[in-house]
Amino acid sequence: MPQIVFLPNEDLCPDGAVVEAEVGETILDVALKNGIHIEHACEKSCACTTCHCIVREGFDELEESDELEDDMLDKAWGLEPESRLACQAKVVDADMVVDIPKYTLNMVSESH
């Protein structure tokens, strides 16, 4: 079972976290079920960038992003070459290290 290491994020997981994931789950779903409440204003429909994350390790093993995700990512705050939308990036049989950026384009955080 692959593991995801979530790097420390001051607001969402100050100490970071190491969690197990099922192949095929999205990074967002793994985070949410483990108490890491990544923002997801569009309810996982690939219509915003609030769940933007950076896959520091394991990026090359992920399925490539599609055109819709790429278009959304172009609007993300702090975009990097290893950026993905956590609602679209699905876990594969490889460990990952994920960085959740401190900022999103949302002025106000949604409460889910």
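Two strands pair if DSSP finds at least two bridges between them. The exercises below use a predicted model.

**Exercise 1. Work out how strand 1 and strand 5 are joined, and in which sense, parallel or antiparallel.**

Step 1. Strand 1 covers residues 3-6, and strand 5 covers residues 96-99.

Step 2. Three bridges run between strand 1 and strand 5. Pairing needs at least two bridges, so the two strands count as paired.

Step 3. The sense of this pairing is parallel.

Step 4. One point of contact can be named: methionine 96 in strand 5 stands opposite isoleucine 4.

**Exercise 2. Find which strands pair with strand 3, and name bridge partners for its residues.**

Step 1. Strand 3 spans residues 52-57. Strand 4, residues 83-85, pairs with strand 3 in the antiparallel sense over three bridges.

Step 2. Cysteine 53 has arginine 84 in strand 4 as its bridge partner.

Step 3. Strand 5 also pairs with strand 3, antiparallel and over three bridges.

Step 4. On the strand 5 side, isoleucine 54 is bridged to aspartate 99, and glutamate 57 is bridged to valine 97.

**Exercise 3. Decide whether the two faces of strand 5 are covered or open.**

Step 1. In a regular strand, side chains alternate between the two faces of the sheet.

Step 2. On one side of strand 5 are Met96 and Val98, and on the other are Val97 and Asp99.

Step 3. The cut-off for a buried residue is under 20% relative accessible area. These four residues are all buried, and both faces of strand 5 are covered.

**Exercise 4. Locate leucine 7 and glutamate 61, and relate each to a residue of strand 5.**

Step 1. Leucine 7 sits in the loop between strand 1 and strand 2, the latter being residues 17-20. Its relative accessibility is 28%, so leucine 7 counts as partly exposed.

Step 2. From leucine 7 to aspartate 99 the separation is 92 residues in sequence, yet the C-alpha to C-alpha distance is 5.2 Å.

Step 3. Glutamate 61 belongs to the loop between strand 3 and helix 2. With a relative accessible area of 45%, glutamate 61 is partly exposed.

Step 4. Glutamate 61 and methionine 96 are separated by 35 residues in sequence and by 9.1 Å, C-alpha to C-alpha.

**Exercise 5. State how many salt bridges the structure holds, and trace what some of them link.**

Step 1. Side chains of opposite charge can pair when their charged atoms come close. The whole structure contains six salt bridges.

Step 2. One of them joins glutamate 10 to lysine 102, with the closest N and O atoms 3.1 Å apart. This pair links distant parts of the chain, 92 residues apart: glutamate 10 is in the loop between strand 1 and strand 2, and lysine 102 is in the segment after strand 5. Glutamate 10 is exposed at 59% relative accessible area, whereas lysine 102 is partly exposed at 41%.

Step 3. Another joins aspartate 29 and lysine 44 at 2.6 Å, N to O. Aspartate 29 lies in helix 1 (residues 27-33) and lysine 44 in the loop between helix 1 and strand 3, so the salt bridge ties together parts 15 residues apart in sequence. Both ends are partly exposed, aspartate 29 at 28% and lysine 44 at 36%.

Step 4. A further salt bridge connects glutamate 80 and arginine 56, whose closest N and O atoms are 2.7 Å apart. Glutamate 80 is in the loop between helix 2 and strand 4, and arginine 56 is in strand 3, 24 residues away in the chain. Glutamate 80 is partly exposed at 29%, as is arginine 56 at 37%.

Step 5. Arg56 and Glu80 also belong to a network of salt bridges that includes Asp99.

**Exercise 6. Identify the residues of the negative surface patch, and place aspartate 66.**

Step 1. The patch of negative charge on the surface gathers Glu63, Glu64, Asp66, Glu67, Asp70, Asp71 and Asp74.

Step 2. Aspartate 66 is placed in the loop between strand 3 and helix 2, the helix being residues 67-73.

Step 3. Patch members need over 30% relative accessible area. Aspartate 66 has 41%, and is partly exposed.

Technical notes:
Residues numbered from 1 in each chain as written. Predicted model: local features only at pLDDT ≥ 70, side-chain atom pairs only at ≥ 80, totals over all residues. Heavy atoms only, no water. Patch = residues over 30% accessible without salt bridge, like charges linked within 9 Å, V, L, I, M, F, W, Y side chains within 5 Å. Areas by Shrake-Rupley, 256 points an atom, 1.4 Å probe, with all protein chains shown as cover. Salt bridge = Lys/Arg side-chain N within 4 Å of Asp/Glu carboxyl O. Lys, Arg positive; Asp, Glu negative; His and termini not counted. Charge placed at Lys NZ, Arg CZ, Asp CG, Glu CD. Buried < 20%, exposed > 50% of the residue type's maximum accessible area, 1.4 Å probe, protein only.
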